[in-house]
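Thanks for sharing this one with me. I have put my notes into numbered points, so you can follow them with the viewer open.

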Amino acid sequence: MEQVQADRMILEDLLVSIQRDMGLVVHEVTSIRRGWLNLKWKLETDQGTYLLKQYNRERFKLYDEEELLMAFSQQIRLRSRGGKCPALLTNEGRYFLKSDQGERFMVMEFCEGQLVAPGGTNADQMRALGREIGFMHRILNDGSLGVKDKPQFIPPSRTERLGYWKRVMEEAAGSKLPEVLAALEAQHAATERFRDEINPMQTGWAHRDVWVDNLLFQPAGVAAILDFDRLNYDYPQLDIARAVISCALHSELDVSLVSAFMEGYREEREVPEGYLIQGIRWLWYMESVWWVNAKLHEHQGPPARFAWEMDWLAKHLEGLPELLEPI
């Protein structure tokens with residue numbers, strides 16, 4: 001109840017700023033319960049339907065404000081070039097705003113579309129998604145942004161990562177939960193076999209958060225790619241891998257869906273042989289430590305799904321070339 005009241009007070013503060021500074025008269029508000037900590041509402045106004053996004057103060061400490069502004073500028077550029085992402089509303093040229101009570105927020109176009117469950121897409125949706133992500137990567141990497149000295153993800157050595165898994169396994173030993181211990185052992189064993197360190201990925205500008213909760217679909221296409229907050233210089237391959245694992249992995253990886261995705265992607269960008277497989281392997285190497293840990297059994301919602309994905313990948317990394325060879 002206290003949290004509900006706190007959220008209501010934040011909303012009331014934001015609505016004052018929206019009406020005064022953006023000239024929107026809000027007729028109806030619907031809370032959207034998605035995402036981590038940040039609050040979102042659907043607004044019915046005298047000028048149309050919009051999405052209001054508030055940035056949680058604690059989570060905001062994890063952001064670099066200048067990098068957020070850069071990300072939003074690229075969202076606007078993508079939209080202007082025909083990309084399927086929400087248009088951002090501005091106030092005197094500013095699209096990242098602050099309320100009277102110091103709440104940071106944005107107002108953007110409300111995109112109609114369907115959410116799908118992980119692994120629940122169809123071939124037409126995947127082909128369209130591949131095409132859209134390929135377009136996004138082509139525009140982001142057309143030279144306008146230049147390059148950075150280093151990407152966001154600097155892979156630790158295999159020796160470092162093995163040491164990490166050993167420490168986590170020792171931490172979990174006292175729990176005596178077989179499923180947790182087995183999951184950690186699978187990660188350690190996969191890391192022992194990992195040999196991609198000498199084969200680095202191609203750097204470039206990427207969305208860095210392409211998973212089903214940030215995608216809206218039409219029955220046979222893509223309605224929008226959402227949430228550009230993490231856009232930065234990293235590895236476009238990881239976007240491809242994240243989209244494929246999120247959208248095409250159910251009980252097993254649906255190769256027909258992966259193939260459809262890559263067909264669409266290749267309409268926009270050429271990729272070398274092994275590009276997808278390498279991206280999936282590195283996605284596992286990066287994300288496994290985020291989701292698989294000694295408290296694995298406590299995960300719920302998206303963290304539980306992500307941990308399951310990492311467990312599946314740890315057990316199937318070596319079989320990916322044979323599984324995805326035709327793609």
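1. A word before we start: this is a predicted model. A good place to begin is where helix 5 passes helix 6 in a left-handed crossing. Helix 5 covers residues 158–172 and helix 6 covers residues 178–193; their axes come within 10 Å and cross at roughly 165°. Since angles over 145 degrees count as roughly antiparallel, helix 5 is roughly antiparallel to helix 6.

2. Which residues make that contact between helix 5 and helix 6? From helix 5 you will find Arg158, Arg161, Leu162, Trp165, Lys166, Val168, Met169 and Ala172. They meet Val180, Leu181, Leu184, Glu185, Gln187, His188, Thr191 and Glu192 in helix 6. Sorted by class, the contact of helix 5 with helix 6 has eight nonpolar, three polar and five charged residues.

3. Helix 5 also packs with helix 9, at an angle of about 25° and with the axes 12 Å apart. The cut-off for roughly parallel is under 35 degrees, and helix 5 and helix 9 are therefore roughly parallel to each other. Their crossing is left-handed. On the helix 5 side the contact is made by Arg158, Arg161, Tyr164 and Trp165, and on the helix 9 side by Tyr285, Ser288 and Val289. By class, the contact of helix 5 with helix 9 has four nonpolar, one polar and two charged residues.

4. Next, have a look at helix 4 (residues 123–140) and helix 7 (residues 236–248), which pack at an angle of about 160° with their axes 11 Å apart. That angle makes helix 4 roughly antiparallel to helix 7, and the crossing is right-handed. Met126, Leu129, Ile133, Met136 and His137 of helix 4 make the contact with Pro236, Asp239, Ile240, Ala243, Val244, Cys247 and Ala248 of helix 7. The residues of the contact of helix 4 with helix 7 divide into 10 nonpolar, one polar and one charged.

5. How many residues are in the largest nonpolar core? There are 75, and those with the most contacts inside the core are Leu129, Ile133, Leu253, Phe261, Ile280 and Trp284. Helix 9 (residues 275–291) gives the largest share of this core, 11 residues. Apart from this core lies another, of 15 residues, among them Leu24, Leu39, Leu89 and Leu97.

6. Phe261 is worth a click of its own. Leaving aside neighbours within four places in sequence, Phe261 is in contact with Met126, Arg127, Leu129, Gly130, Ile133, Ile240, Ala243 and Val244. Among these partners, Met126, Leu129 and Ile133 of helix 4 and Ile240, Ala243 and Val244 of helix 7 also belong to the contact between those two helices.

7. Is Gln54 buried or exposed? Gln54 sits in strand 3 (residues 48–55), and with a relative accessible area of 2% it is buried, because buried means under 20%. Not counting neighbours within four places in sequence, Gln54 is in contact with Ile10, Leu14, Leu37, Asn38, Leu39, Trp41, Glu103, Arg104 and Phe105. Ile10 is 44 residues from Gln54 along the chain, and their C-alpha atoms are separated by 8.5 Å.

8. Two loop residues next. Phe110 lies in the loop between strand 5 (104–109) and helix 4. Setting aside residues up to four places away in sequence, Phe110 touches Ile32, Lys42, Thr49, Tyr50 and Leu51. The C-alpha atoms of Phe110 and Leu51 are separated by 5.0 Å, with these positions 59 residues apart along the chain counted as their distance apart. Pro151 is in the loop between helix 4 and helix 5 and counts as buried at 13% relative accessibility. Beyond residues up to four places away in sequence, Pro151 touches Thr203, Tyr233, Asp234 and Tyr235.

9. Finally, please check two backbone angles. Most residues other than glycine have a negative phi. Glu92, however, has a phi near 55°, a positive value. Glu92 is in the loop between helix 3 (65–80) and strand 4 (97–98) and is exposed, with a relative accessible area of 71%. Asp227 likewise has a positive phi, near 55°, and is found in the loop between strand 8 (221–225) and strand 9 (232–234).

Terms used. Residues are numbered from 1 along each chain as its sequence is written. This is a predicted model: local features need pLDDT of at least 70, side-chain atom pairs count only at pLDDT 80 or more; totals for chains, interfaces and linings use all residues. Side-chain values use heavy atoms; hydrogens and water are left out. Axes are lines fitted to C-alpha atoms, for helices over the stretch in contact, and angles run from 0 to 180 degrees between N-to-C directions. Helices (H or I, at least four residues) and strands (E, at least two) are DSSP runs, numbered from the N terminus. Angles under 35 degrees count as roughly parallel, over 145 as roughly antiparallel, 65 to 115 as roughly perpendicular and the rest as oblique. A crossing is left-handed if the near helix is turned anticlockwise from the far one by less than a right angle, and right-handed if clockwise. Contact means heavy atoms within 4.5 Å. Ala, Val, Leu, Ile, Met, Phe, Trp, Tyr, Cys and Pro count as nonpolar, Asp, Glu, Lys and Arg as charged, and the others, Gly among them, as polar. Buried means under 20% relative accessible area, exposed over 50%, partly exposed in between (1.4 Å probe, protein chains only). A nonpolar core is a set of buried Ala, Val, Leu, Ile, Met, Phe, Trp, Tyr and Cys residues joined through side-chain atoms within 4.5 Å.
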